[in-house]
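Subject: Structure for you to look at

Hello,

Here is the structure I said I would pass on. Please open it first; my notes on the cavities and the chain contacts follow below.

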Amino acid sequence: MAQTNIVLEAKDITKQFPGVLANDGVNFNLRKGEIHALLGENGAGKSTLMNVLYGLHLPDKGEIYVNEKPVLIHSSNDSIALGIGMVHQHFMLIPVFTVAENIMLGDETVRRGMLDQNAVAEKVNQLSKQYGMDVDPLALVGQLPVGVQQRVEIVKTLYRDAQILILDEPTAVLTPQEADDLFRIMRDLTKRGVSIIFITHKLKEVLAIADRITVMRAGRTVGTVSPKDVNPEKLATMMVGREVNLVILKKQANPKEATLVVKDLHVEDDRRYPAVRGVSFEVHAGEVLGIAGVQGNGQTQLAEALTGLRPTQSGQVTLAGKDITGKTPRVITETGLANIPEDRQRHGLVLSYTIADNMVLCNYYRPPFANGVVMQPDQIDANARQLIKDFDVRTPSPFVPASKLSGGNQQKVIVARELSRPIKLLIASQPTRGLDVGSIEYIHSRIIQKRDEGAAVLLVSSELDEIMVLSDRIAVMYRGQIVDIVPAANVSKEYLGLLMAGVKLEDAVKSAPKQEKEIKVERVF
Amino acid sequence: MQAEKQSSSLARQILKSATESSLIPFLAILTAVIVGGIIISIVGGNPFQAYRGLIEGSLGSQKALSETAVWATPYIFAGLAVALAFKGGLFNIGAEGQLALGAVFSSLIGYALPGWLGFDLPTIIHLPLAIIVGMIAGGIWAGVVGALKAYTGGHEVINTIMMNYIALNTTSFLLNGIMKDKSPTNVIARTPMIADSARIPTIFEGLRVHWGFLLALLVAFFIWWLLTKTTLGFEIRTVGLNPDAAKYAGINVKRTITLTMVFSGMLAGLAGAIEVTGLNFRHELGFSIGYGFDAIAIALLGKSHPLGVVLAAILFAAMRNGATRMQFITQLPVDLISMLQAFILLFVAADAIVRYIYRVKSKGERVVLTRGWGG
């Protein structure tokens with residue numbers, strides 16, 4: 001397997017979209033049994049290249065070779081026939097169907113005019129045993145955790161005899177543990193001769209798993225390197241095209257009075273099950289309190305309750321000495337809250353509105369943006385121009401709809417809007433999810449800047465790295481409760497991992513075997 | 001200098017967006033006219049003669065123009081009602097019922113109020129009162145549906161349809177019962193004539209077009225101003241486009257939904273009230289059949305933009321009005337017009353057909369492509 005045995009090659013691929021040259025003479029090749037990472041910022045052209053390889057776009061120029069034979073890929077059917085399988089970032093699964101039904105979808109096995117679920121189930125069992133992937137073919141997809149749903153997608157491609165696998169940002173939706181599982185599966189697959197293209201913008205993952213790394217920037221390939229020869233700083237520089245600060249420089253926090261006080265808060269989720277079960281904490285002016293935890297342990301509901309988007313069952317929340325329990329978002333905002341919501345497209349923006357309108361979404365009714373009931377477009381435009389400059393939003397004009405911006409720039413619009421107001425408390429939920437290195441760097445520095453200006457910051461994130469970089473104190477949530485609150489300065493990632501699994505140190509000592517198991521998981525990562 | 005450049009490019013932008021958004025409706029109308037022409041030839045008529053009749057009958061004389069304006073008046077009000085609801089993310093199928101109630105209450109004030117009071121009222125009080133009471137009736141009727149949607153989640157499409165049944169049958173009950181014109185010669189389910197003091201005067205001597213048409217244009221301008229220039233309009237549009245973001249932004253979503261339906265119902269009620277006070281001077285069972293439903297078509301064709309609604313309403317009015325002349329010239333049935341309207345709507349709703357025929361690229365598709373760039 002050492003010799004250069006190329007299974008897929010793209011030569012000089014060029015693809016023009018209205019207004020953007022998405023791929024400009026891109027060259028890329030994949031060897032048999034390797035994991036080849038494709039790294040680049042949002043908008044660098046990674047997805048376009050993959051969509052060309054998977055037959056979703058026709059290139060304007062360039063050739064594709066599979067097993068050294070030139071091919072034309074006009075549709076996903078062509079690529080499947082050539083043994084190329086793709087797992088999209090957003091899964092293409094039907095939640096109310098079983099795993100077996102989803103896997104045969106589009107390629108149904110029929111027996112006497114009826115779907116033969118058993119035959120499919122058998123083959124799925126065989127495949128999952130062969131590749132070490134635990135999947136129950138008769139389970140309903142909607143009831144499976146996200147990590148397992150992703151396995152279903154992978155099995156689906158293997159079921160169609162894929163020898164080349166394209167994974168588009170596969171870890172974006174996974175917990176650290178699930179990501180470890182995925183990496184183990186990827187290694188198993190390559191041992192069995194499957195070749196994998198791994199699209200991502202996370203540097204650490206690439207260095208941990210890839211055999212080769214190709215970096216793209218602005219529609220071109222910057223270069224292909226081996227992980228042995230590079231470090232995160234060098235990769236980041238290749239991606240962004242300039243030096244990037246991966247380590248944020250922040251001064252010692254200078255905490256003052258308690259700005260946000262939460263006492264014994266109880267909150268229910270959408271299905272009316274308890275999601276936050278008796279949480280108490282304080283956030284002081286001038287400090288960042290990070291809420292860590294595996295996704296789905298009540299952090300989302302906690303943030304929504306604190307910002308007024310979700311009713312509270314019991315408990316008390318005070319902001320700057322004022323009781324805001326169960327108050328409306330407007331009252332809380334006027335008390336001094338800035339809210340960077342978890343789902344930027346659902347809560348944070350009206351996508352068809354212009355950037356200018358989105359930048360006054362929370363204070364459109366106040367002077368100078370409105371004079372009585374009449375809105376003041378001149379003021380709104382001037383505000384947008386100023387914020388676009390101050391927060392480095394990349395857009396041709398303030399009148400562009402928010403839907404036309406990249407994810408990073410959309411998030412910058414929200415950050416600009418929220419941080420440009422005088423505030424006492426910032427609640428930031430997953431503030432950099434899905435963003436590129438440059439945007440992450442920028443948004444992190446803005447959050448720290450707000451802290452240093454004396455705001456209290458509550459940071460909710462499932463990215464442990466982000467929590468550790470930004471926080472002064474870290475609260476870990478597990479099953480709706482805070483397991484422990486620890487100072488960020490001298491806590492290890494291993495201990496946080498234990499807390500995220502619900503184990504406190506004194507408990508951990510008592511149940512030693514469990515602790516050992518958890519630490520092993522960390523080592524694999 | 002630069003500001004000048006900016007404002008001229010802004011003007012160009014507005015013009016561009018206006019032509020872009022009116023392109024599909026225009027092509028839909030063109031296609032419908034061609035398809036309609038083919039069908040006329042198939043049934044043995046002469047399409048050119050038919051369309052000439054249609055144009056003559058709707059625009060060919062002072063009287064024709066006046067009648068087109070008369071038809072257009074309720075269409076504009078009711079079209080605005082549906083369009084406003086669309087902007088707020090609501091589908092008001094109940095304009096027909098709201099309109100009927102507006103007409104009932106407006107006519108009640110028009111014929112009965114002087115009797116109740118025991119003295120005649122001056123026009124300056126009686127006429128506005130009759131119109132406002134009709135508006136309020138429509139507003140309350142739709143507001144109930146809005147409140148049900150906002151506070152219980154009951155879907156407005158189902159509830160407006162149900163409220164239509166209640167409104168239309170209640171109207172029928174009233175017009176056949178206590179509100180029926182008691183004069184011995186009357187056998188029709190209709191109210192007595194309203195007092196002179198509750199009537200809108202005509203604009204020109206001898207033509208039926210009344211000041212209600214001008215009011216409709218003013219109201220259309222007001223709705224445009226409300227939606228685009230005021231905080232309330234911003235709230236209505238935000239709730240319509242993204243209720244979750246609206247809640248996040250501190251907008252009272254439930255109140256806004258209720259209010260949007262109230263305003264929508266008031267516009268529909270206004271359509272009924274103006275028909276009574278400006279044209280028929282009484283409410284008669286069956287006079288309004290279809291206005292409220294045509295209004296949905298008009299709002300769709302006008303892309304829910306107040307100016308678009310006015311133009312679409314005038315087009316529909318012209319077609320209805322010219323149909324008689326067309327039938328007179330060509331012996332083709334007036335129902336052909338309903339068919340033509342249906343075709344226009346079909347091509348607007350299924351705009352992929354029109355885009356395919358005229359090779360118009362979809363803007364929406366381009367947005368999807370843009371998302372594909374993100375890697």
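A cavity here is a set of grid points where a 1.4 Å probe fits but cannot get out. The model is a predicted one, and a search of the whole structure turns up three cavities of 30 Å³ or more.

The largest has a volume of about 70 Å³. Its lining includes G147(A), R151(A), E178(A) and D181(A). Two helices of chain A, α5 (146-159) and α6 (176-191), each give at least two residues to that lining, which divides into four nonpolar, two polar and three charged residues.

The second largest cavity has a volume of about 50 Å³. Among the residues that line this cavity are T307(A), C362(A) and R421(A), along with Y248(B) from the other chain. Here α10 and β18 (337-340) of chain A are the elements that give two or more residues. By type, the lining has four nonpolar, three polar and two charged residues.

Now the interface. In chain A, 43 residues are in contact with 27 residues of chain B. About 3,000 Å² is buried between the two chains, with 61% of that area from carbon and sulfur atoms. Y353(A), Y364(A) and M375(A) supply 18% of what chain A buries against chain B, more than any other three residues.

The rule finds one salt bridge across the interface: the side chains of R346(A) and D244(B) meet at 2.8 Å, N to O. There are also 16 residue pairs in polar contact across the interface. On the side of chain A that touches chain B, 21 residues are nonpolar, 13 polar and nine charged.

Regards

Key:
Residues are numbered from 1 along each chain as its sequence is written. Chains are lettered from A and ligands numbered from 1 in the order in which they are written. This is a predicted model: local features need pLDDT of at least 70, side-chain atom pairs count only at pLDDT 80 or more; totals for chains, interfaces and linings use all residues. Side-chain values use heavy atoms; hydrogens and water are left out. Contact means heavy atoms within 4.5 Å. Buried area is the accessible area (1.4 Å probe) that two parts lose on being put together, summed over both. A salt bridge is a side-chain nitrogen of Lys or Arg within 4 Å of a carboxyl oxygen of Asp or Glu. A polar contact is a pair of N or O atoms within 3.5 Å; within protein, one must be able to donate a hydrogen and the other to accept it, and residues adjacent in sequence count only if both atoms are side-chain atoms. Ala, Val, Leu, Ile, Met, Phe, Trp, Tyr, Cys and Pro count as nonpolar, Asp, Glu, Lys and Arg as charged, and the others, Gly among them, as polar. On a 1 Å grid over the protein atoms alone, a cavity is a set of points where a 1.4 Å probe fits but cannot get out, and a pocket is an open set with protein on both sides within 12 Å along at least five of seven lines; lining residues have an atom within 4 Å of a point. Grid points are joined across faces, edges and corners, and a volume is the space filled by probe spheres set on the points. Helices (H or I, at least four residues) and strands (E, at least two) are DSSP runs, numbered from the N terminus.
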